[in-house]
Amino acid sequence: MTNDKKDPAFLFCVCTGKCPGFATMDMWDFINRVRMELPVKYGVIHPQLCEDDGDRYLENTLNAGEKVIIAGCAPAMQYKLFRDAFEKVGLNTQEDLIPLDVRDMTTDEAFEKVMNAMKENGYDV
Ligand code: SF4
C-alpha cells in the first residue's frame, strides 16, 4: 500500500463540531474517505485539540518518530497550539506535523487537499 515511509497518523480537529468553518463538508464522509482511501496509520476526529484534553490526547497517542497530519485550522495556529504537546513526546511541529487548513471546503476539496499534501510529502498515494 505504501513505499518505505511510515504511514502518518491523521487527526481531524473539528472545532467542537459546531464551527461554521466545517458546515460546507460532511465531516464523517471526509474522515472515512481519508482513513479508507489514503495510506494513513489511522484517522480520527477530535472535538477540540487545542483544549487541555486535546493536549492530553496528543501526549497519549503520538509517538516519537512518527509524522502527524492534522486537518483543522490554519497552519500558523497549529504550529503554535500543538508545539508543547509535540515536544513532550519527542516530536517537533516544524518537522513532524503536516498542518492542513480544511475550513470552508467541501468534502471533495478537503479530501483532495489531504491527498495532495501527502503526495508533496513523499507518500505513495
Ligand atoms: S485546534 Fe484549531 S480547529 Fe481545533 S479546535 Fe482549536 S482552533 Fe479549532
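1. The ligand site. In this predicted model, the ligand is surrounded by Cys13, Cys15, Gln48, Leu49, Cys50, Gly72, Cys73, Met77 and Leu81. How many residues of this shell are nonpolar, polar and charged? The shell holds 7 nonpolar and 2 polar residues, and no charged ones.

2. The sheet. The model has an open sheet of 4 strands, arranged in the order E2-E1-E3-E4, and the pairing is parallel. Strands E2 and E4 (97–101) form the edges; each has a single partner strand, so one side of each lacks a neighbour in the sheet. On average, neighbouring strands are turned by 20° against each other, with direction ignored. As a general point for the student, the strands of a sheet pair through backbone hydrogen bonds, and the pairing may be either parallel or antiparallel.

3. The pair E1 and E2. Strand E1 covers residues 9–13 and strand E2 covers residues 42–46; the two pair in the parallel sense over 5 bridges. Within this pair, the residue opposite Ala9 is Tyr42 in E2. How does the chain pass from E1 to E2? The chain crosses through helix H1, residues 27–37, and this β-α-β crossover is right-handed.

4. The pair E3 and E4. Strand E3, made of residues 68–72, runs parallel to E4 and is joined to it by 5 bridges. Opposite Gly72 stands Asp101 in E4. Gly72 also belongs to the group of residues around the ligand.

5. Helix H1 on the sheet. Which strands does H1 touch where it packs on the sheet? H1 touches E1 and E2, and the direction of H1 makes about 160° with that of E2. H1 is also the helix through which the chain crosses between these strands, from E1 to E2.

6. Helices H2 and H3. Helix H2 (residues 52–61) and helix H3 (residues 75–88) have axes that come within 8 Å and cross at roughly 35°. The crossing of H2 past H3 is right-handed. On the H2 side the contact is made by Asp55, Leu58 and Glu59, and on the H3 side by Phe82, Ala85 and Lys88. Sorted by class, the contact has 3 nonpolar and 3 charged residues, with no polar ones. The shell around the ligand, in turn, has no charged residues.

Key: Residues are numbered from 1 along each chain as its sequence is written. This is a predicted model: local features need pLDDT of at least 70, side-chain atom pairs count only at pLDDT 80 or more; totals for chains, interfaces and linings use all residues. Two strands pair if DSSP finds at least two bridges between them. A crossover is right-handed if, with the strands pointing away from the viewer, the path from the first strand over the helix to the second runs clockwise. Axes are lines fitted to C-alpha atoms, for helices over the stretch in contact, and angles run from 0 to 180 degrees between N-to-C directions. A crossing is left-handed if the near helix is turned anticlockwise from the far one by less than a right angle, and right-handed if clockwise. Two residues are in contact if their C-beta atoms, placed from the backbone, lie within 7 Å. Ala, Val, Leu, Ile, Met, Phe, Trp, Tyr, Cys and Pro count as nonpolar, Asp, Glu, Lys and Arg as charged, and the others, Gly among them, as polar. A residue is near a molecule or strand if its C-beta atom, placed from the backbone, lies within 6 Å of it.
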